[in-house]
Amino acid sequence: TIGIQTASRTWGPYASRLHLACDKRYPFRKPRQGKNDDRAHPPIHPTGFSQAVAGDDAKVYELVVRHYLAACTVDAVAELLEI
């Protein structure tokens, strides 16, 4: 699914780095399963790539794709420096 998203002009470059795992800033991580099985449906995720959507549909599609890509990325690490 990540490889398909590389065609996007908006998030394609990020998806490419994630898909190829060539950039240490964006390493691929398999999405977490969670601790409990609540028998809910799996998370919404993109099943393909489309440039044919527009308006509000395009906004929802972008949200779904970006959330999926974020779920496949390692967690951010912050550092606090007090002076």
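A residue is called partly exposed when its relative accessible area falls between the buried limit, under 20%, and the exposed limit, over 50%. Arginine 66 has a relative accessible area of 40%, and is therefore partly exposed. The structure in which this residue sits is a predicted model, and the values given below were computed from that model.

The chain contains 2 helices and 0 strands. Of its 83 residues, 19% are buried, and the surface that the chain exposes amounts to about 6900 Å², of which carbon and sulfur atoms supply 56%. Among the contacts in the chain with a separation of 6 or more, 62% are accounted for by residues 24 or more positions apart.

Arginine 66 takes part in a salt bridge with glutamate 62, the side chains meeting at 2.7 Å from N to O, and the structure holds 1 such salt bridge. Both residues belong to helix 2, where they lie 4 residues apart, about one turn of the helix. Glutamate 62, like its partner, falls into the intermediate class, because its relative accessible area is 28%. Side chains of opposite charge can pair when their charged atoms come close.

One aromatic pair is present in the structure. The ring centres of tryptophan 11 and tyrosine 61 are 6.0 Å apart and the ring planes stand at 50 degrees, so the pair is classed as tilted. The pair joins distant parts of the chain, since tryptophan 11 is placed in the segment before helix 1 (12-20) and tyrosine 61 in helix 2 (residues 55-71), with their positions 50 residues apart. Tryptophan 11 and tyrosine 61 are both buried.

The two aromatic residues also belong to the largest nonpolar core, which has 9 residues, namely Ile2, Trp11, Ala15, Leu18, Tyr61, Val65, Tyr68, Leu69 and Cys72. At least two residues of this core are supplied by helix 1, and at least two by helix 2; the largest share, 4 residues, comes from helix 2. Valine 65, one of the core residues, is in contact with Gln5, Trp11 and Pro46 when its neighbours within four places in sequence are left aside.

Glutamine 5 is located in the segment before helix 1. With a relative accessible area of 0%, glutamine 5 is buried. Its side chain is joined to that of tryptophan 11 by a polar contact of 3.0 Å. Apart from neighbours within four places in sequence, glutamine 5 is in contact with Trp11, Gly12, Ala15, Pro46, Gly48, Phe49, Tyr61 and Val65, a list that includes both members of the aromatic pair.

Proline 46, which appears among the contacts of glutamine 5, is found in the loop between helix 1 and helix 2. Its relative accessible area is 3%, and proline 46 is therefore buried. Although proline 46 and glutamine 5 are 41 residues apart along the chain, their C-alpha atoms are separated by 8.7 Å. Once neighbours within four places in sequence are excluded, the contacts of proline 46 are Thr1, Gln5, Val64, Val65 and Tyr68; Val65 and Tyr68 are also listed in the nonpolar core.

Threonine 73 is situated in the segment after helix 2. Its relative accessibility is 10%, so threonine 73 counts as buried. The side chain of threonine 73 forms a polar contact of 2.5 Å with the side chain of tyrosine 14, and reaches the backbone oxygen of leucine 69 at 2.8 Å. Leucine 69 is itself one of the residues of the largest nonpolar core.

Histidine 19 lies in helix 1. Its relative accessible area of 47% places histidine 19 in the partly exposed class. With neighbours within four places in sequence left aside, histidine 19 is in contact with Ile2 and Gly3, and Ile2 is a member of the nonpolar core described above. The C-alpha atoms of histidine 19 and threonine 6 are 8.2 Å apart in space, the two residues being 13 residues apart in sequence.

Definitions and conventions. Residues numbered from 1 in each chain as written. Predicted model: local features only at pLDDT ≥ 70, side-chain atom pairs only at ≥ 80, totals over all residues. Heavy atoms only, no water. Phe/Tyr/Trp six-rings, centres within 6.5 Å; stacked < 30°, edge-to-face > 60°. Buried < 20%, exposed > 50% of the residue type's maximum accessible area, 1.4 Å probe, protein only. Contact = heavy atoms within 4.5 Å. Core = buried A, V, L, I, M, F, W, Y, C linked by side-chain atoms within 4.5 Å. Areas by Shrake-Rupley, 256 points an atom, 1.4 Å probe, with all protein chains shown as cover. Polar contact = N/O pair within 3.5 Å; in protein donor to acceptor, adjacent residues only side chain to side chain. Salt bridge = Lys/Arg side-chain N within 4 Å of Asp/Glu carboxyl O.
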